[in-house]
Amino acid sequence: MLAIQRFVAIPLTLLAVTAWAEEPTPGYNHEIPQKIMTPDTVETRIGTLEFFDGMPLPDTVDTLYENLLLMRAVDTFLNGIPATSIEGIREGLADVGADASNKVVIFDELMDSAPLFLTGNTDTVYALAALNLHTDGPTVVEVPPKCGPGTVNDAYFRFVTDMGIPGPDAGNGGKYLILPPDYEGDLKGKIGSVETTIDGETYYVSQSPSYVNIIVLRGFLVDGKPDAATANFEDGLKIYPYGKQDQAPEMEFISGSAKSFNTIHANNYEFFEELHTVIDREPVGLLDPQTRGIFSSVGIIKGQPFAPTDAQKEVLTEAVAIANATARAIAFRPRLDGAKIYGEGGWFTGFVGGDYRWLIEDGKGGRNIDARTLFFYVATVNTPAMVLKMVGRGSQYAMNVTDAQGDYLDGSKNYTLNIPANVPAKDFWSVVVYDPQTRSELQTGQTFPSRNNKRDELIENDDGSVTLYFGPEAPAGKENNWIQTVPGKAWFVLLRLYGPLEPWFDKTWRPGEFELVQ
């Protein structure tokens, strides 16, 4: 009986202590946790926010909705870059006459600094075409043998399939069939292609999520010249609607070399108009509802005109300025884990995370959207060949924007860069200089702002290394190893290795840093 009395007394005591300790929050019957309350005045970076018992006052409501539009518009820019970048390429190709899939822009004299392309190279013969699967339906692309790296990307710059050396034809040539997103026939395609026998012939079949797709093919130089690769494309590359080869128009090859035209998305209010063009044209399934919802929050909705008010346009204009600046911080001063190739020094990768989908741990950590922004703000062509360890195949890249002291590279100053001997590149290596404003080749007195170990007669040091020189004027006797820069302008570089070998992947070979010449 005494045990029962003690058992009852304990909880009664606890209840008494609890009741004594609880002091009701003013206006309430009980104590309310402060963490769920909103003060009447809140100081923030967007100003003082004022509330009546948690309800925002009219001026605060206006401030918050304007700020919400600003944030959504910044997100729209950062998430919309892949779409507008593809659209920029499509528009640029059309501007020089490639307005149908049978018309190919070919850089038969290589890509010089006249056209604006995000970090295009001076070292391979590019052949580019824009597919319109809505107009043409399923489309065949016949790739000739000896084609270098080639890729098809959809309207959101996602990987559809590789072609040429890294593709399923492995450089032997083949027929690729690209199915539109709304295709309902018997053929089955997938991202990355599935080998299919059709009427006794082998096709590599893919189904794209979008109507517009960009094909980028590259051909290697032979004896340092583009002639063989150009002839290979002009003789062997064919694009036509499936089943209509006999009725298809003849292929047209339009030279893009030494022509001034733009393929880069806008960094001002026009960006939103470019994005609206893509969203309005492409099927709903192109994007997930979350991304589409971000775009719609600023008025970019499929089937509806993009018509912001003057007040909204003012906010969008400010937002794109902030977003563009943010993209530049991410691209030129990345703070992402894994960006630095060697852990320190200036060299970093444009493909952070080693996943062409930018998934963290295959999706466990979601998508690394800042890594995606880094890549697409400065680069084009999305393929696993750029991130997978493909020894002797594909390509690898390293980017650098600073000297050994961590300062931006200055076009008015002189620098050296040592490329150690035995560069681990089966095919070739190159260094190309770019303009940070356009992220395209730096326009100087040199046609090609680059050096390439196959095209150029580089002077080697006694140990087999190569010293490259950068500055407004060439050092005496070093002209072959010199890349010109422009006083008053910054610049950055990409080091490319085609057919990268094991010492690149295990990092036993490493390029030098940019050394300022006093």
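This text follows the salt bridges of the structure and then turns to a nonpolar patch on its surface. The model is a predicted one, and 16 salt bridges are found in it.

One place to begin is helix 2, where Arg90 and Glu87 pair in a salt bridge whose closest N and O atoms are 2.6 Å apart. These two residues stand three positions apart in helix 2, which means that about one helical turn separates them. Their surroundings can be told apart by accessibility: Arg90 is partly exposed, at a relative accessible area of 25%, whereas Glu87, at 1%, is buried. The pair also belongs to a network of salt bridges that links Glu87, Arg90, Arg281 and Glu282.

A second group of contacts is built around Arg455, which forms a salt bridge with Asp123, the closest N and O atoms lying 3.6 Å apart. Because Asp123 lies in the loop between strand 4 (103-106) and strand 5 (124-132), while Arg455 lies in the loop between strand 19 (450-452) and strand 20 (466-471), the pair ties together parts that are 332 residues apart in sequence. Both partners are buried. Arg455 also forms a salt bridge with Asp456, with the closest N and O atoms 3.3 Å apart, and here Asp456 counts as buried at 18% relative accessibility, as does Arg455 at 19%, since buried means under 20%.

On the surface, Phe52, Met55 and Leu57 make a nonpolar patch of about 320 Å². Leu57 is placed in the loop between strand 3 (55-56) and helix 2 (58-95), and its relative accessibility of 32% makes Leu57 partly exposed, a value that satisfies the requirement of over 30% for patch residues.

Definitions and conventions
Residues numbered from 1 in each chain as written. Predicted model: local features only at pLDDT ≥ 70, side-chain atom pairs only at ≥ 80, totals over all residues. Heavy atoms only, no water. Patch = residues over 30% accessible without salt bridge, like charges linked within 9 Å, V, L, I, M, F, W, Y side chains within 5 Å. Areas by Shrake-Rupley, 256 points an atom, 1.4 Å probe, with all protein chains shown as cover. Salt bridge = Lys/Arg side-chain N within 4 Å of Asp/Glu carboxyl O. Helix = DSSP H or I, 4+ residues; strand = E, 2+ residues; numbered from the N terminus. Buried < 20%, exposed > 50% of the residue type's maximum accessible area, 1.4 Å probe, protein only.
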